[in-house]
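Please open the model in a viewer and keep the selection panel at hand. The tour below proceeds from one selection to the next.

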Amino acid sequence: MSIFKLAGDLVPAGDQKNAIKTIVKGIEEGERDQILLGITGSGKTFTMAKVIEATSKPTLILAHNKTLAGQLYSEFKNLFPHNSINYFVSYYDYYQPEAYIPVTDAYIEKDAQINEEIDRLRHAATNALLSRRDVIIIASVSCIYGIGSPEFYQELAIEVKVGDYIDRDEFLRKLVDIQYTRNDYDFFRGNFRVRGDVVEVFPADEDRWAIRIEWFDDEIENIMAVDPFLGEVGRRFQQFSIFPGSHYVVPKRDLSRAIDKIRVELQKRIAWYNRNGRMLEAQRIEFRTSSDLEMLEVTNYCKGIENYSRHLSDRKEGEPPATLLDYFPDDFLLFVDESHQTLPQVKAMYKGDKSRKSNLIEFGFRLPSAFDNRPLKYDEFQERINQAVYVSATPADTEFALTQGVFVEQIIRPTGLLDPEIEVRGVDNQLDNLLEEIKIRTEKNEKILALTLTKRMAEQLTQYYLDLDVKVQYLHSEIDTLERMQILKSLRLGEFDVLVGINLLREGLDLPEVSLVAILDADVQGFLRSETSLFQICGRAARHVEGKVIMYADKITPAMQSVIQETERRKIIQHEYNQKHGITPQTIRKKVDDLFGMIGKKPVQEEYDQDVDLQNEVELEKVLKKLRKQMHKYSRNLEFEKAAAARDRIKELESRYLLQ
């Protein structure tokens, strides 16, 4: 019996059944690499879910950006409500890496803002992997970057059991050793508080429940979950594991050894600088590293501890770091979503990281061992794969090389939708021509995507149509992730009609309200108008029964010709399937929240305290209680901005009325 259980009564349709059967058979027979060539709207996500259910393997689903990872996370949470579905992406809302620019002698200190909720989800993911098998983790490519050793992370987890005899003070020391902080007043994730013979710990992977441990003398009498804000008591436990508050934790014996090794490397580096007459660099590296060592000795932690990860985990020079992949059991299954985009990112990460660190190490800001705090190289990534399925509508040569050109095709849409009609029109008066098409579509409440080649063109086209009273916005890489999600949500909600972009409107995004995709300068040969890019762009119109693509071009390039021919082939196959099964194509209907539930609108301060006497302590406490419940609800729904607004309001009320 499978450890995974799909919700609902959906059954495979179209060529999903054959794709599922073929991939499952390949996995059972030990095939290492397979390709699922699935077109837009063919139900690739459901196929992946059925394969996971059939094979019962812990699974990693790799996406090439946070937006798609978030979309997949939301979908798999709905598909597998009774299993452990997790989200593992970079936890930085803002990240300025440490760098040094020799030309201007400018040192840029690392500056980052960590998203606490995503950090919690990362801990929840690693905890799940070390404690159960029915685990699916949706991750961005950042998961191939080094994190702490899974052996240390698991070894340092504190096990508590009812009836065990544990000295309370020793227990508190262990909590500090694994990066928990005592805070008896402002109690939140990664903290603990002490009240006599009762200790409450807020685990690093929890968003609502803290763990209350009650002693009688040195015997643990009770272990229970408790809501630290509302005081509600939840589940009772016979035993519980408290995992570390940081992935970079090291046992004391190993920390002492690591510190000794760092000192040896430091002395060698100082000597090297002195031999080469570089006294400034020698002084710089000695001061910076000595300061870090002092912090490590006192607190078991220092800022930038990851740069010493080679010594902390006792690795050899050049040896790859531990990553999320090392937390998985040996028999795990990997899906690489939109593999034609994701694998190139995997390949590029190591070189980019090494290039940035070269100057830091050369000029005495970091020891050479900082090179080994890095992402995996591509061959190291491949070595860690047990079995993989590469999922894409347009697999690249890399994937075909891994499978010797063999792939499983899924090109029939269960909805009956045909590939969009493709029409080529000349570039003369293309903006006015497109304007007429926009008017036709907007009258039917349908949405339009327009693809340009540059950011400047996207902004200019947007302004041109705004001046003509078209409801239009643009989207490009200078717009941050959360705002991109909000723009896409606003398009679906009908707040505007036309979205202008470059290449951010291609892979994986479900926008069923879009009936027209206009590709400007479609005959300009290059990456943005390659065969792969054109296939992906056309796919954005494949979820609407009136889906159409207009390519504005003066000639038909080989890439355009290939896309047109393949689209016609697929339409014939789909049409025959529809006739055979009596299917009438229908536009996909999907609630906006189904897709964008992870991101809310930019919050407007909710007035929980209207018409309330806040000078009255009872009334004030009611307001605070309501705010705390709402904050936790937003947090659980990953509505980070709303949660932050509620938190800020709580602090404001507390400081104004309770701390006077």
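**A strand and its two partners**

Begin with Ile-448, which stands opposite Leu-516 in strand S24. The model shown here is predicted. Keep Ile-448 selected and add Val-498 of strand S23, which Ile-448 also stands opposite.

Next, extend the selection to strand S21, residues 447–451. S21 and S24 (residues 514–519) run parallel and are joined by five bridges. With S23 (residues 498–501), S21 likewise pairs in the parallel sense, here over four bridges.

Is S21 mostly covered or mostly open, and how many of its five residues are buried? Five of the five are buried, and the strand is mostly covered. Rotate the view to inspect both faces: Lys-447, Leu-449 and Leu-451 lie on one side, Ile-448 and Ala-450 on the other, and all are buried.

**The largest nonpolar core**

Now select Ile-61, Phe-76, Phe-80, Ile-136 and Phe-335; within the 36 residues of the largest nonpolar core, these touch the most other members. Elements that each supply at least two residues of this core include helix H1 (16–28), helix H3 (66–79), strand S8 (135–139) and strand S17 (333–337). H3 provides the largest share, six residues.

Centre the view on Ile-136. Leaving aside residues up to four places away in sequence, Ile-136 touches Phe-4, Ile-52, Thr-59, Ile-61, Phe-76, Phe-80, Ser-84, Ile-85 and Asn-86. A second, separate core has 32 residues, among them Val-135, Ile-147, Phe-328 and Ile-385.

**Helix H17**

Select residues 558–581, the 24 residues of helix H17. From first C-alpha to last, H17 reaches 35 Å, close to the 34 Å expected at 1.5 Å a residue.

Which residues of H17 are buried? They are Ala-559, Met-560, Val-563, Glu-566, Thr-567, Arg-570, Lys-571, Gln-574, Tyr-577 and Asn-578. Display strand S1 (33–38), strand S20 (421–425), helix H16 (531–538) and strand S25 (548–552) to see what these buried residues pack against. Just after the helix, select Gly-582, which takes a positive phi of about 65°.

**Confidence**

Finally, colour the chain by pLDDT. The average is 87, and 91% of the residues score at least 70. Select residues 594–612, where pLDDT stays under 50. The model has 52 contacts beyond four places in sequence for this segment. Where pLDDT is low, predicted coordinates should not be read in detail.

Methods. Residues are numbered from 1 along each chain as its sequence is written. This is a predicted model: local features need pLDDT of at least 70, side-chain atom pairs count only at pLDDT 80 or more; totals for chains, interfaces and linings use all residues. Side-chain values use heavy atoms; hydrogens and water are left out. The expected span of a helix is 1.5 Å times one less than its number of residues. Buried means under 20% relative accessible area, exposed over 50%, partly exposed in between (1.4 Å probe, protein chains only). Contact means heavy atoms within 4.5 Å. A nonpolar core is a set of buried Ala, Val, Leu, Ile, Met, Phe, Trp, Tyr and Cys residues joined through side-chain atoms within 4.5 Å. Two strands pair if DSSP finds at least two bridges between them. pLDDT is the predictor's confidence in each residue, from 0 to 100.
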